[in-house]
Amino acid sequence: MSILIQNGTLFLPEGPVKADLRVEGGRIAAIGPGLPVGDAQVLDASGKLVFPGFIDTHTHFEMNKGLPNETADDWFTGSRAALAGGTTTVLDFAEPERGASLASALETWHRRAGGAACCNYGFHMTIKDWDQRIRAELRDMTAAGVTSYKVYMAYDNLRLPDGVIYEVLQAVAEEGGVTGCHCENGDLVTQGIRTQKAAGNLSPAAHPLSRPAAVEAEAVTRYLTIAELAGAPVNIVHLSTARGLEAVRAARARGQKLYVETCPQYLLLDESCYRLPGFEGAKYVFSPPARSLADQAALWGAIRSGDIDTVGTDHCSFDFHGVKELGRADFSQIPNGLPGVEHRPALLYTFGVRAGRMTAEDLVRLLAEQPAKLFGMWPQKGCLAVGSDADLTIFDPDWRWTIRASEQVQNVDYTPYEGLELQGRTHTVLLGGEIAVREGKVLRERRGRYVRRGPAQFWR
Ligand code: URP
Ligand code: ZN
Ligand code: ZN
């Protein structure tokens, strides 16, 4: 069956145009003015914006499986929420058990996502251990469609020494992939937590004090130094500070090839959330933490200047009741993370595009085109062009609504954006050429497909 989307504003790679778009056999079959209807089902997109389906470069579904701090969203609920919000592909972080192979992690993530996912999905691979055996697995990962990795400079159970990071970066670059890094100085975070606890600061308010901006800036600088010496293009995930941006700009001025992700929480939340009464601040315990208003302004400026390449959510949802509460007596025991996969497009549309901080073309660049290129999916994904996959988000720019946890699709008992009033919302989503969401309601479930990705396509 074919579908004809009529009279929408289509966001093509060359810019927005008013035209029709025909979908056939799961692909975009034609784009142009006044396309014939024939036997197609017609979707009237007058007054709506037709975007390539958005890509979330950073999710953690079903993380810490079986543990008291297991994430609230599993593959079904997380991907369903993504789809409802207009995200048609997520890239989630597969994480091997300590000492286990990358293949075992890939198999586990496939088992969890397969048959459950409501949107398309791919996997980044976390490197926790490094030896000749893991090195040799990178080739298998490339063949399996995994071409991006993450290393950690923080978290005692995850972080790698600098020399090992150097080897990982070189090896991944040789495979044509890209390595992202969680840039916080782990030793200084451990020390910061110790200092706060020794001073009797045990509430969520101590969380940002234990990992200040300098801790990120130092790690960004060090990571980029390692990347320079390794001769590897790299990605910095969830960048949160103006000082981190300074390091990014300095490295780019030296000619380094590097990419930067930030997240809605760093653009929209600020450190005042840690001063909320009682234990409320626990809802905002994620790392790096929410920063100052000056950092926030610097990140918006970097979006405008093109210094930020992707905006992912780092969706890592923990229920407030019973799970965030594990850290009631000690902030360092609060599971780190927050939900966001459902609301990212609408938040960025309202507080970015409508607020005049970015254009709708920027939104497409940050949420679709550049994620697809960096993570080896372009032009099948992230692109409205004949032959591309028919993953489309039809967005109503005039829909006024309020974010409420009680009405959200994601399976978590709060949202950090509670009560925010938005103008603009995903109305209809096509996934693989089928109508999967209509008027914001998910109609088709468990139709997500694994995206076998190719090498990174660098554009700068
Ligand atoms: O607080 C966070 N970000 N939790 C998820 C893990 C990570 O560092 O991305
Ligand atoms: Zn991280
Ligand atoms: Zn993350």
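Trainee: What spacing do the donor residues of the zinc ion (ligand 2) show in sequence?
Mentor: The pattern for the zinc ion (ligand 2) is K-x31-H-x55-H. The model is predicted, with local features needing pLDDT of at least 70. Residues are numbered from 1 along each chain, and ligands from 1 as written.

Trainee: What makes Lys150, His182 and His238 donors of the zinc ion (ligand 2)?
Mentor: Lys150 (NZ), His182 (ND1) and His238 (NE2) coordinate the zinc ion (ligand 2) at 2.1 to 2.3 Å. A donor is an N, O or S atom within 2.8 Å of the metal (3.2 Å for Na, K and Ca). Lys150 lies in strand S9 (residues 148-152) and His182 in strand S10 (residues 178-182), so this pair ties together parts 32 residues apart in sequence.

Trainee: Why is Lys150 called buried?
Mentor: The relative accessible area of Lys150 is 2%. Buried means under 20%, so Lys150 qualifies. His182, at 1%, is buried too. His58 and His60 are both buried.

Trainee: Which residues hold the zinc ion (ligand 3)?
Mentor: His58 (NE2), His60 (NE2) and Asp314 (OD) coordinate the zinc ion (ligand 3), at 2.0 to 2.2 Å. Along the chain their spacing is H-x1-H-x253-D. The zinc ion (ligand 2) is 3.8 Å from the zinc ion (ligand 3).

Trainee: How do you know that the site of the zinc ion (ligand 3) is tetrahedral?
Mentor: Its four donor atoms give angles of 86 to 132 degrees. Four donors count as tetrahedral if all angles lie between 85 and 135 degrees. The site of the zinc ion (ligand 3) is therefore tetrahedral. The ideal angle for four tetrahedral donors is 109.5 degrees.

Methods
Predicted model: local features only at pLDDT ≥ 70, side-chain atom pairs only at ≥ 80, totals over all residues. Heavy atoms only, no water. Tetrahedral: all angles 85-135°; square planar, octahedral: opposite > 155°, others 65-115°. Buried < 20%, exposed > 50% of the residue type's maximum accessible area, 1.4 Å probe, protein only. Helix = DSSP H or I, 4+ residues; strand = E, 2+ residues; numbered from the N terminus.
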